[in-house]
Amino acid sequence: MKRLFTILLAVLSLLSLTACGGSPTEETSQEPLVDIQPQEPEAPPEPTPEELAAQEVEDLLASLTLEEKVGQLFFVRVPDTDAVSDVSTYHLGGYILFGRDTADKTADALIQTIQSYQDAAAVDTGIPLLIGVDEEGGTVVRASSNPDLFPQREPAPQTLFAQGGMDLILQDARQKSMTLLDLGVNVNFAPVADVSTDPADFIYARSFGQDAQATAGYVAQVVGVMEEEHIGSVLKHFPGYGNNVDTHTGIALDQRPYETFQTADFLPFQAGIQAGADAVLVSHNIAPSMDESLPASLSPTVHQILREALGFDGVVLTDDLAMDAVMEYAQNGSAAVLAIQAGNDMVVTTDFQTQIPQVIHAVQSGVIAESQIDQAVTRVLNWKYELGLLGN
């Protein structure tokens, strides 16, 4: 009897479940089956051009010896002899052409000469050279002084402005850049960003000749044209020449207050930096408001101001270290060591054959950290990449 009662309860329970829509097993069996396929992992995003450039520069840096890295920091005057062999002997970063290098040469001859330098670099490190020239116009014309290279001697910016305003200046800057590139020159040491309104100033004839605001506008627009044409630009002479004397022949002591630099001299440099200037060249002037004892080119404080106050992250170069204004500061001829310690990325000099070994020794002895060399070389290689010399 108990057994029969148990069976009846089981039957009633089953009937109750059916009336409510079926058993849990039936509910599960009625749900649609989902065909779950293993998903393919998403492909990583394509690297950006900036990431590709950074990786190429990083790989290239890692492949260089210490001697090769130090050589990249020297943007030097073409020597009288052994110019081709010196490219690979010293692993040079660049050559600067002066009047003697362009005089009496046809365009084809100059192109072939520059190509011989580039061929030597290709065999050595595979890193193309920066080939620079001072082609400011007016009193400083290293290439256009030769009528076989340019249709005319390049006029000074002041002359162009008087004849046709900024339109003529920019037209000239574009044509000048194109002509230099055709010759194999990829850097023009221009524009002059110094503020000078007094014809008695040493720098006046090379400057725009107007106040800081007007000079800033001039510099920014010229830099923009140079960037469009893919030729390197160099703002000079930081922190601003003002009314100082020529440092080729002696010390220039600039007693102006720091506020003057902030409200005037810095403005064209800031405008050029914001416009995309590739490099800034630092003068040998001593400005006690920033550094009482060292020329700007050898002063860590001045370089810190350029980096931090003006926000410049490109290549910083010295003015020519062979000038008289820096001779007395170089212990045992080690001006380049002081320049790199100060924060320069590239050294402009004539006596690179003695300066380069001194820098290498300074790194090996711990006077200069190799990490600082790496940082400077990275900026140099980035500049070459941006100019289209690398990554092709």
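**Exercises on a predicted model**

Both D134 and K236 are buried. The model behind these exercises is predicted.

**Exercise 1.** Determine how the side chains of D134 and K236 meet, and which parts of the chain the pair ties together.

Solution. Begin with the atoms: the two side chains form a salt bridge, with an N to O distance of 2.7 Å. This lies within the 4 Å cut-off for such a pair. Next, place the residues. D134 sits in the loop between strand 3 (130–133) and strand 4 (135–137), while K236 belongs to strand 7 (residues 232–238), so the salt bridge ties together parts 102 residues apart in sequence.

**Exercise 2.** Analyse the pair D345 and R307 in the same steps.

Solution. The side chains meet in a salt bridge of 2.6 Å, N to O. D345 is in the loop between helix 13 (335–342) and helix 14 (352–364), and R307 is in helix 11 (residues 300–309), so parts 38 residues apart in sequence are tied together. Both D345 and R307 are buried.

**Exercise 3.** Classify K69 and D374 as buried, partly exposed or exposed.

Solution. Buried requires under 20% relative accessible area, and exposed requires over 50%. K69 has 6%, so K69 is buried. D374 has 22%, so D374 is partly exposed.

**Exercise 4.** Compare the end-to-end span of helix 8 (residues 157–183) with that of a straight helix, and locate its kink.

Solution. Helix 8 has 27 residues, and at 1.5 Å a residue a straight helix would reach 39 Å. The end C-alpha atoms are only 22 Å apart. A kink of about 125° is centred on G164.

Terms used: Residues are numbered from 1 along each chain as its sequence is written. This is a predicted model: local features need pLDDT of at least 70, side-chain atom pairs count only at pLDDT 80 or more; totals for chains, interfaces and linings use all residues. Side-chain values use heavy atoms; hydrogens and water are left out. Helices (H or I, at least four residues) and strands (E, at least two) are DSSP runs, numbered from the N terminus. The expected span of a helix is 1.5 Å times one less than its number of residues. The bend at a residue is the angle between axes fitted to the seven residues ending there and the seven starting there. Buried means under 20% relative accessible area, exposed over 50%, partly exposed in between (1.4 Å probe, protein chains only).
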